[in-house]
Amino acid sequence: MSLILPKYGDALTLFTPQPSGSVRTSASGSTHGGPIRLSLKNGPISTEPPASYTRTLFGRLSNCIRVTLPTSTSGTDSMSISEAYASCRVLVRSMDMGEDIYRTLTQQLEKYQTKLLGELKPSTALPMEWLSSLATEWKLFDNRLKTLQCMLSDIDQFYAPSGQNLTPVYELGLRTFRSFLQDPIISGRTQAGIVEWLTQERLNPAQDANKRRKHRETVITVRRCLVSLRLYGDLAETPYLEATTAYWTDEGAVWRNADGFSAAKYIADAIEVIKGEETRAKEVLLPGGWEPVGRATEKALLADAAPTLASKALQTLLVKKDKPAILALYGLYRRAEVLEDLRLAFKNILQENVRSIVMAGVEDPTNKKGKASKNRSRGKSEEDEKMVPLLVELRAFAKAVVKECFGEVARGQFGGALDDAFSLGVSARDYTPGAMMAQALDKEMRRGQRGETEQAWKNKLFDMLDLSRYTRDKDVFREIYTRALAKRLLTKSTADDDMEKTLIMKLKAGYDPEFSAGDVMFKDLQQSATEMEDYRRRISDSANDMDLCLNVMVLTHAKWPSFKENNMLESEESAKSHGRGDKSSTTSHVDLPPEMAAALHRFEVYYKEKHDRHRMAWFHSLGTVTLAARFPGGTKEVSVSMYQALVLLLFNEQDQFSVADIQSRTQLGQEDLTVTLQSLALGKKHVLLRADTKTTKDIALGDQFKWNNEFTDPKRNIRILSIQQQTTTEETQDAQNDIISERPHVIDAAIVRIMKAKKTLTYEQIKTETIIALEKHFQPTVSDIKKRIDELQEKDYIVRDEKERNVFHYVA
């Protein structure tokens with residue numbers, strides 16, 4: 001074998017010829033004449049180390065592996081990590097002994113697994129102690145395995161990639177420990193240790209902090225082990241969740257069955273427990289592992305009792321108006337995925353509260369059905385008087401809960417539950433809720449803003465108006481509201497005309513298109529004002545003070561509410577012009593002072609000349625008069641009703657009258673006279689006084705009343721409220737009776753319209769279509785519809801099919 005090297009210097013020329021050497025040099029005569037040729041004699045030279053060296057090196061490396069993974073048969077002779085690394089490199093790369101090293105490692109791992117099984121499997125240690133031993137073994141094994149990975153890195157880098165299905169050193173060790181943990185007894189004891197630790201922590205929340213920290217570190221070590229071995233789900237998370245569910249299911253049942261159980265406190269304690277469980281899980285489980293633990297705890301504590309707990313707890317929290325606690329309750333039920341139970345509880349609680357408010361007046365002895373007092377008065381049940389304010393307050397709070405606690409800005413499930421609860425709760429009582437809503441609006445419109453801001457007052461009115469959505473008897477609300485509106489407009493007792501128009505527009509647009517009657521009322525008043533201007537111009541030359549003070553409002557009778565007929569007094573001029581001059585009027589009559597009667601007569605003559613085809617009648621009970629009254633404290637302007645004025649003007653003649661004399665002079669009916677005297681002598685403004693020893697509000701014909709010469713009031717302008725000018729209980733009842741008697745005709749008209757359009761329908765279809773057609777007015781019952789169908793058959797508006805008895809046909 002020859003080795004030819006280029007010559008770059010004279011170094012090789014310095015070799016001294018050896019007498020019997022194996023290397024010789026040859027050079028040309030010239031020092032720099034070309035390359036130098038080296039010849040190796042007796043070649044080739046073997047590169048293989050002696051066999052004894054290989055066996056020794058492999059034996060030392062094998063023993064090092066056994067020492068690193070010690071078993072009962074491991075020796076003590078070892079080498080450093082750097083020596084082991086170099087030995088492995090030589091054996092794998094130069095001597096092709098990777099397979100032998102890999103086999104040795106595999107065998108030693110199997111022996112180590114056998115050793116672990118022999119130590120831990122028969123152990124009689126308590127679960128937590130055993131788990132601590134497992135954690136210690138894992139930490140030792142993991143460190144040793146990492147040492148082996150460093151020592152045998154050439155196995156991973158050179159040998160393993162060259163073979164098929166060969167596992168790297170570290171993965172091979174993990175596979176061994178995984179196999180160890182998958183032993184049924186070992187895996188069972190691992191799970192038992194975790195469950196035992198968890199149970200002890202729950203049973204002993206006040207245990208020593210150092211002991212708790214030590215146990216948690218053990219569990220964290222086991223968790224890291226299981227994650228590395230991909231056994232975390234089966235051996236850690238699953239038993240953790242199962243133990244959590246079992247423990248809190250049992251514990252929750254114990255709490256719920258305890259004496260003095262409070263659902264609200266149970267929910268508060270449950271929320272604290274869940275927070276504690278999540279905090280523990282965040283420390284010992286994988287990131288995100290706290291979420292399933294929290295859900296498992298929530299579901300376990302709620303279990304099958306979720307509906308009952310929601311009902312009881314929410315009832316308590318709503319009464320206390322504890323919004324933070326309600327928000328926490330919502331969060332609990334949302335995470336436990338039982339929001340429907342909370343929604344139903346919210347709906348049922350609200351419905352029952354609404355029903356209690358609405359039905360409170362039924363139990364009141366002054367409001368028992370069929371026992372209304374025959375005496376005309378403002379006396380409504382005290383509970384009914386509170387109905388609308390309480391409903392407005394409850395609805396405002398419920399809306400705030402829906403928005404702030406349940407997170408619904410737009411109408412969602414809880415907003416729908418709120419509406420359903422109010423609809424069902426208000427519907428528990430017929431007629432009265434709608435009537436009370438209308439009367440509450442009437443009272444507020446008479447009262448005005450007072451100390452409130454315009455926006456606050458407007459919101460209050462709109463809140464009251466919103467309640468009318470929930471009553472089934474919308475025709476009752478509409479009729480009574482319209483009557484009250486008419487009285488306010490005619491007596492000029494409304495606080496704000498613009499707000500009246502705003503309410504009418506809102507009612508028409510969002511509630512009931514038939515509220516257009518309000519527009520007609522305002523139009524009539526506007527035309528009346530124009531009429532009075534024209535009248536004053538015509539009589540300007542001959543008018544006296546009474547004519548100039550007169551203000552007549554001419555109304556379209558068909559567009560205004562139908563007030564009591566005994567208050568509608570047809571004028572003599574109108575009766576004569578319609579051929580009724582010789583017939584005695586069936587209506588009652590009141591005697592007006594001559595000046596008033598003359599002024600009204602002059603207006604009648606003017607009006608009939610201008611509108612000769614119109615029939616005219618006076619409605620005096622809603623008339624108003626402003627009187628100048630002289631008292632010791634000074635002259636006052638007293639605004640009263642027409643009936644009150646008739647009584648007060650009598651006292652210009654003398655200071656005292658009997659009730660019989662007053663009735664004889666005014667011709668007022670007993671009922672009207674009674675409430676008029678009550679308002680003047682027994683109300684807030686005592687311009688009259690009893691002249692007898694009676695102290696009750698009952699008035700008899702023999703009672704005496706006198707002028708109150710000592711009456712004082714800080715205001716110059718005084719308004720004495722008249723019961724005739726307000727919506728009374730009897731008028732409300734009359735309106736309800738009128739509506740009830742009219743409903744059969746409304747149902748008839750709806751059925752006829754439907755049948756005329758459809759021609760043929762089944763009974764069920766007629767029923768459904770009729771309910772839909774009348775839903776903006778009232779909700780007819782099925783029995784009412786059936787009666788009207790039978791009645792329409794008798795009147796030959798519809799006929800039953802001869803073959804299919806459930807089918808009806810329209811008769812043209």
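The buried residues of helix α6 pack against six partners in this predicted model: α3 (98-120), α4 (127-151), α5 (153-159), α7 (184-203), α8 (209-228) and α9 (232-256). The buried set in α6 consists of V169, Y170, L172, G173, L174, T176, F177, R178, F180 and L181. Ten of the 13 residues of α6 are therefore buried, and the helix is largely enclosed by the rest of the structure. The length of α6 can be checked with simple arithmetic. At 1.5 Å a residue, the 13 residues from 169 to 181 should span 18 Å, and the end C-alpha atoms lie 19 Å apart, which agrees.

A similar picture emerges further along the chain, at helix α25 (residues 642-650). Here M642, Y643, Q644, A645, L646, V647, L648 and L650 are buried. With eight of its nine residues buried, α25 is largely enclosed by the rest of the structure too.

How do two helices meet in this model? One example is the pair formed by α10 (residues 263-284) and α13 (residues 323-335), whose axes come within 10 Å and cross at roughly 60 degrees. That angle makes α10 oblique to α13. The crossing of α10 past α13 is left-handed. On the α10 side, the contact is made by I267, I271 and I274, while α13 contributes A328, L329, L332 and Y333. By character, the residues of this contact divide into seven nonpolar, no polar and no charged. A general point about helices helps in reading such lists: an α-helix has 3.6 residues a turn, so residues three or four places apart point the same way.

Some residues that are distant in sequence come together in space. R89 is found in helix α2 (residues 81-94). R89 and S153 are 64 residues apart in sequence, yet their C-alpha atoms are 8.3 Å apart. Leaving aside neighbours within four places in sequence, R89 is in contact with S94 and D154. Is R89 buried, partly exposed or exposed? Its relative accessible area is 36%, so R89 is partly exposed.

A second example comes from helix α7, where T199 lies. T199 and Y247 are separated by 48 residues in sequence and by 7.9 Å in space, C-alpha to C-alpha. T199 has a relative accessibility of 22% and therefore counts as partly exposed; the cut-off for buried is under 20%.

Two loop residues deserve a look for their backbone angles. E337 has a phi near 60 degrees, a positive value in a residue other than glycine. E337 sits in the loop between α13 and α14 (339-359), and its relative accessibility of 61% means that it counts as exposed. K759 also has a positive phi, of about 75 degrees, although it is not a glycine. The place of K759 is the loop between α28 (729-758) and β12 (760-762). At 46% relative accessibility, K759 counts as partly exposed.

Stepping back to the whole chain, the protein has 30 helices and 14 strands. Of its 812 residues, 44% are buried. What share of the contacts with a separation of 6 or more comes from residues 24 or more positions apart? Such pairs account for 70% of those contacts.

Conventions. Residues are numbered from 1 along each chain as its sequence is written. This is a predicted model: local features need pLDDT of at least 70, side-chain atom pairs count only at pLDDT 80 or more; totals for chains, interfaces and linings use all residues. Side-chain values use heavy atoms; hydrogens and water are left out. Helices (H or I, at least four residues) and strands (E, at least two) are DSSP runs, numbered from the N terminus. The expected span of a helix is 1.5 Å times one less than its number of residues. Buried means under 20% relative accessible area, exposed over 50%, partly exposed in between (1.4 Å probe, protein chains only). Contact means heavy atoms within 4.5 Å. Axes are lines fitted to C-alpha atoms, for helices over the stretch in contact, and angles run from 0 to 180 degrees between N-to-C directions. Angles under 35 degrees count as roughly parallel, over 145 as roughly antiparallel, 65 to 115 as roughly perpendicular and the rest as oblique. A crossing is left-handed if the near helix is turned anticlockwise from the far one by less than a right angle, and right-handed if clockwise. Ala, Val, Leu, Ile, Met, Phe, Trp, Tyr, Cys and Pro count as nonpolar, Asp, Glu, Lys and Arg as charged, and the others, Gly among them, as polar.
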